[in-house]
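Reader: Please take a close look at the aromatic ring pairs in this model. I would like the geometry of each pair that can be described, the burial of its members, and then the setting in the chain as a whole.

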Amino acid sequence: MTRDFSPLIVGIGGTSRPHSTSELAVRCALLAAERLGARTQLIDGALISGLPLYVPGRTERTDDETTFINAVRECDGVIVASAGYHGSITGPVKNALDLLEDLARDDRPYLDGCAFGAIVSAFGWLACGTTLVTLRSIAHALRAWPTPYGAAFVPEGKVFEQDGTALDAKIGDQIGLVARQVVDFARWRKAGSGL
């Protein structure tokens with residue numbers, strides 16, 4: 001594996017509520033990715049909640065849409081964290097992922113060949129499971145490789161510091177495993193491509 005390669009990992013997550021659990025979870029994952037030598041970029045809840053509703057065929061883009069699309073276009077892997085709302089991902093996360101249709105005709109269409117880490121926070125285990133399945137299905141539709149492990153947890157009390165440091169070691173370990181698999185896959189793919 002190419003240990004000196006520093007992959008760009010984009011973290012996408014959060015809700016319209018500042019410092020939501022899902023946003024802090026993706027921050028936690030990016031901290032773990034950085035410890036593994038990755039470069040990271042956070043697309044947080046404030047940005048994704050402010051994106052206009054995706055409209056097929058509309059070509060004009062806001063600055064935030066352009067920032068998001070360009071980050072994903074350049075990434076070597078993504079980590080997406082979503083709250084489980086009524087058994088599925090949040091509207092802002094789905095809307096942001098729909099916007100990746102702009103990558104359909106790129107040399108690397110969508111997320112072709114990229115690792116896709118999924119993290120779910122919900123107030124029940126059923127919602128954790130169904131939301132995780134939804135994220136993994138979207139990853140396949142975007143031609144990404146969902147990591148073998150997906151993290152899901154039911155938050156009880158304060159789970160993270162505001163910088164994303166996990167206060168619950170078990171949850172931190174789960175999220176760290178997702179980050180490691182995304183970074184390792186990006187390096188494996190780089191080594192295999194001969195680039």
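Author: Helices here are DSSP runs of H or I with at least four residues, strands are runs of E with at least two, and both are numbered from the N terminus. On that basis the chain, which is a predicted model, has six helices and six strands. Read from the N terminus, the order of elements is β-α-β-α-α-β-α-β-α-β-β-α.

Now the rings. A pair of aromatic rings is described by the distance of the centres and the angle of the planes. Two rings pair if their centres lie within 6.5 Å, and by this rule the count comes to three aromatic pairs. One of them joins Phe153 and Phe160: the ring centres are 6.0 Å apart and the planes stand at 70°, so this pair is edge-to-face, the class for angles over 60 degrees. As for burial, the cut-off is under 20% relative accessible area. Phe153 has a relative accessibility of 2% and therefore counts as buried. Phe160 is buried as well, because its relative accessible area is 3%.

Phe185 and Trp188 also form a pair, with 5.2 Å from centre to centre and 45° between the planes, and this pair is classed as tilted. Both residues belong to helix H6, which covers residues 169–193. They are three residues apart there, about one turn of the helix. The two partners fall into opposite burial classes: Phe185, with a relative accessible area of 18%, is buried, whereas Trp188, at 54%, counts as exposed, the limit for that class being over 50%. Ring pairs also bring in Trp145, which is linked with Phe185 and Trp188 into a cluster.

The setting is the whole chain. Of its 195 residues, 51% count as buried. A compact globule with 195 residues would have a radius of gyration near 16 Å, and the 15 Å of this chain agrees with that. Along the principal axes, the C-alpha atoms fill a box of roughly 45 × 40 × 25 Å. Among contacts with a separation of 6 or more, 76% come from residues 24 or more positions apart.

The surface and the charges complete the account. The chain exposes about 9,100 Å², and carbon and sulfur atoms supply 54% of that area. There are 19 positive and 22 negative side chains, and the centres of these two sets lie 4 Å apart.

Key:
Residues numbered from 1 in each chain as written. Predicted model: local features only at pLDDT ≥ 70, side-chain atom pairs only at ≥ 80, totals over all residues. Heavy atoms only, no water. Phe/Tyr/Trp six-rings, centres within 6.5 Å; stacked < 30°, edge-to-face > 60°. Buried < 20%, exposed > 50% of the residue type's maximum accessible area, 1.4 Å probe, protein only. Rg over C-alpha atoms; globule rule 2.2 N^0.38 Å. Contact = heavy atoms within 4.5 Å. Areas by Shrake-Rupley, 256 points an atom, 1.4 Å probe, with all protein chains shown as cover. Lys, Arg positive; Asp, Glu negative; His and termini not counted. Charge placed at Lys NZ, Arg CZ, Asp CG, Glu CD.
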